Amino acid sequence: MRKIPIYSHPAAGWPALISSTQKLMDYKTFLRGSISVFKSNQPQGGFDCPGCAWPDHKSHKAIDVCENGIKVIASETMTHKADAQFFARHTVTELQGWSGYELEHSGRLSEPMVYDAAQDRYVPIAWENAYRIIAEQLRQLDSPHEALFYTSGRVTNEPAFLFQLFVRCFGTNNLPDCSNMCHEPTSVMLGRQLGIGKATVKLEDFEQAKLILMFGQNPATNHPRMLEMLAHSHEQGCRIISINPMREQGLSKFRNPQKPTHMAAGQSDDMVDEVIQIQIGGDAALLTGIAKWLIENDKINHDFITTHTSGFDPLKQWLTVQNWTDITLGCGISQAEIINLAELVSDSPATICTWGMGITQHVQGDDNVAMITNLLLLMGMIGIDGAGASPVRGHSNVQGDRTMGIHERPSKSLLDSLEHVFEHPMPQEHGYDVVTGAKALIAGKLKVFMGMGGNYAVAAPDTTAIEQALTTTQLNIFVGTKLNETMLYPGANNLILPCLGRTERIVTTKGEQFATIEDSMCQIVPTQGTLKPVSDTLKSEAQIVADIATYVLGADSSIPWLAMSEDFDVIRDYIAQAINGFEDFNQRIRTTERGFHLYHAARHRVWNTESGKAQFEVPQYPITYVAAQMTAANDTDDNEDTAQKVWQLTSVRSHDQFNTMIFGFKDRYRQTDRRDVLFMHPDEISRLGWQKGDRVMVTRQRAKDSLEQPRILGPLVLSEMDIASNAVAAYYPECNDLFDLDTHAPDSHIPAYKSTTIVLERVEASTAEPA
């Protein structure tokens, strides 16, 4: 195989510090941003970094933030404003042509704005007038279900609780959130199998683990604070295996900025022992092979299975009929390699399985999570130290928002509790999630869209269709800190309501307030900004929600909205009454330095499932699903030319972005400084007779007899990556129009961002000399 030019330096280290400093300079917030860096993730008087949901370690560090976090902080702490003067200079039509990078750097939203169609511009509006428009439009709806209320994982617990309460008092459960697009299979399958859809581990378990299996993750880019714990685990003797179609260079070595000797002497820690480079979508097949070998060789924990589980026999029967030919075809890994991995699992007394969106964002995403959980149950790895399930959430409080009730499919117990506490009827009918909500929007069934943060149209598949659908509504409301693409497709009424950021002080008539978040391991921690707000007209998210609720629900509401927005202790008192696990909330959050851990029943081997036991699940899709899709696609009439081979395309994030926020164009680990690229293994490039730098068009493969119009992206510049054969990768969200709203996992409805079949056409050869 051809040698691939790789990023040869350790993750983090001096390049990370230089890049972080440069971002503070780019956003012109070096002093203001640097002050916030020192306050980030601090136990006393600090704020929780909005960059990711990785937990804080119990040991205290003077600087406890990663490169990714500093970039997010730089973005939020900039003082340049997207204010009335900015919008007076630019029409909305002009702004629609701006890139995500340009919009991100346009400045902080600093005053409420309303779209003026005559001028094609946003113009200032008083808060009270904005609220009147909202109340008027919501009250005119024929049904509350004609409105969709979206939430970003950036929103903290207190305003999230108020938001879901307002929406339900209004009369609907249309409460999609960003979890629908990232870890919904985790929530659905862990909930079904273990009784709770959250991680069973604490951070301390990584210190005791003997084997860590990492599925579909790239921590160096998406949650760099995890690298320190992985390096520490490895130093303690833990074996770490990365299972990923891409060999991510940021996982080989880690130079810890917290260790002066590392920085001064150029030292680094090893992390990953081995990379199992499966094909895209091959995780369930690989796990099937491991589980099959463990059962057939009697390497499973019979006592745990007998005492604590249900459904073992159906799973065993299913595994028995799976043959090794299909297993190896399904994952692209040889039987010998699978058995070697199974032997590691059987020999480990403490195994953690950790995963990211490379596991969840597939049609078979539910199956992937189910098979990871099945593996842990087979070995009795739930409820012991150093072992368990560790999904890694990407956004700071996406898990907390769900705990607070942001959920389109709420449990009956939650609705009953809310009705009891607030003496107000709650809607029982399940609402729209991201996928069904977007389809309803496109179909013209929705008249109002409200986004509490986020970039809904760009984050979801079928971006162009959603943007156009937004122009047909009666009202769009956007609560946020930055301008983004979704805000630029106005309906009859379009409002931008600017809110305070995580780094800024919240001061009310009751004094300075703090909020809370829940990290990805069920720890509730306080967060309190310290900076002066960038504008005096900004409001907290809690105040915006409370004000809207007051205007919309009017005198009919007996809920003390204003009192809650003025005093977050009042919100927490209500949370303590309505949400399990938050008893004595105000006392507990103040008497422990780093918050408190929510009780996790499955961690204590208490199974809140229908059977009362942990549940094995048989996959719904055949383990050769991806291979079958490729074969079927190659049989279509579109592929008469043998050069038009069908590929599996996956979406990836760069090292210079956070979700849909584009900080810059440098992807340090993949050694590119542009986003219009298509990554392919150099052997595959050579086989096609192409070379790095060629420009290619990407076309979504259609099913035979499909009436759908072709989905085309490009031209993209061909670049090299150590990625599995038959696979290519492109940057998210630029490739989103290649994905559709109908291709998703069956139960969780998560869009298949990580796998779609495409064909490629070279439209321009590189003028560079071949390598």
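**Exercise 1. The largest pocket.** Which helix gives the largest share of the lining of the largest pocket, and how many residues come from that helix?

*Solution.* The structure is a predicted model, and the steps below should be read with that in mind. Begin with the extent of the space: the largest pocket has a volume of about 1,400 Å³, and 38 residues line it. Next, look towards the centre of the pocket, where Gly195, Ile196, Gly197, Ser411 and Ser413 are the nearest of the lining residues. Then turn to the elements: helix 9 (184-194), helix 20 (398-403) and helix 21 (412-422) each contribute at least two residues to the lining, and helix 9 gives the largest share, with five residues. Finally, sorted by class, the lining of the largest pocket holds 10 nonpolar, 19 polar and nine charged residues.

**Exercise 2. An enclosed strand.** Determine why strand 6 (residues 147-151) can be described as largely enclosed by the rest of the structure.

*Solution.* The cut-off needed here is that a residue counts as buried under 20% relative accessible area. Five of the five residues of strand 6 are buried, and the strand is therefore largely enclosed by the rest of the structure. The next step concerns the side chains, which in a regular strand alternate between the two faces of the sheet. In strand 6, Ala147, Phe149 and Thr151 point one way while Leu148 and Tyr150 point the other way, and all are buried. As for the partner, strand 6 pairs with strand 15 (residues 448-452) in the parallel sense over five bridges, and Tyr150 has Gly451 of strand 15 opposite.

**Exercise 3. A three-stranded sheet.** Work out which strands stand at the edges of the open sheet 20-21-22, and which helix packs on this sheet.

*Solution.* The three strands follow the order 20-21-22, with antiparallel pairing. Strand 20 (515-518) and strand 22 (596-597) each have a single partner strand, so they stand at the edges and one side of each lacks a neighbour in the sheet. Between strand 20 and strand 21 (residues 523-527) the antiparallel pairing runs over four bridges, and Glu518 stands opposite Ile524 in strand 21. Helix 8 (residues 157-170) packs on the sheet, touching both strand 20 and strand 21, and its direction makes about 85 degrees with that of strand 20.

**Exercise 4. Lys754 and the second largest cavity.** Is Lys754 buried or exposed, and which cavity has Lys754 among the residues nearest its centre?

*Solution.* First, the position: Lys754 lies in the loop between strand 30 (727-731) and strand 31 (756-764). With a relative accessible area of 11%, Lys754 is buried, because the limit for that class is under 20%. Second, the surroundings: leaving aside residues up to four places away in sequence, Lys754 touches several residues, including Met357, Gly358, His362, Leu649 and Ser651. Val363, which is 391 residues from Lys754 in sequence, has its C-alpha 9.0 Å from that of Lys754 in space. Third, the cavity: the structure holds six cavities of 30 Å³ or more, and the second largest has about 400 Å³ of space. Its lining comprises 30 residues, and Gly216, Asn222, Met357, Gly358 and Lys754 lie nearest its centre. Helix 18 (357-360), strand 24 (646-652) and strand 25 (657-658) are the elements that give two or more residues to this lining, which divides into nine nonpolar, 15 polar and six charged residues.

**Exercise 5. Backbone details.** Find where the prolines of two cis peptide bonds lie, and which residues other than glycine have a positive phi.

*Solution.* The bond from Gly714 to Pro715 is cis, with omega near 0 degrees, and Pro715 is found in strand 29 (residues 712-720). Tyr732 and Pro733 are likewise joined by a cis peptide bond, with omega about 10 degrees, but Pro733 is in the loop between strand 30 and strand 31. Turning to phi, Asp584 has a positive value near 55 degrees and sits in the loop between helix 27 (568-578) and helix 28 (585-591). Arg605 has a positive phi near 60 degrees, lies in the loop between strand 22 and strand 23 (614-615), and counts as partly exposed at 27% relative accessibility.

Terms used. Residues numbered from 1 in each chain as written. Predicted model: local features only at pLDDT ≥ 70, side-chain atom pairs only at ≥ 80, totals over all residues. Heavy atoms only, no water. Pairing = 2+ DSSP bridges. Contact = heavy atoms within 4.5 Å. Axes fitted to C-alpha atoms, helices over the stretch in contact; angles between N-to-C directions. 1 Å grid on protein atoms, 1.4 Å probe; cavity = no way out; pocket = protein on both sides within 12 Å on 5 of 7 lines; lining within 4 Å. Points joined across faces, edges and corners; volume = space filled by probe spheres on them. Nonpolar A, V, L, I, M, F, W, Y, C, P; charged D, E, K, R; others polar. Buried < 20%, exposed > 50% of the residue type's maximum accessible area, 1.4 Å probe, protein only.
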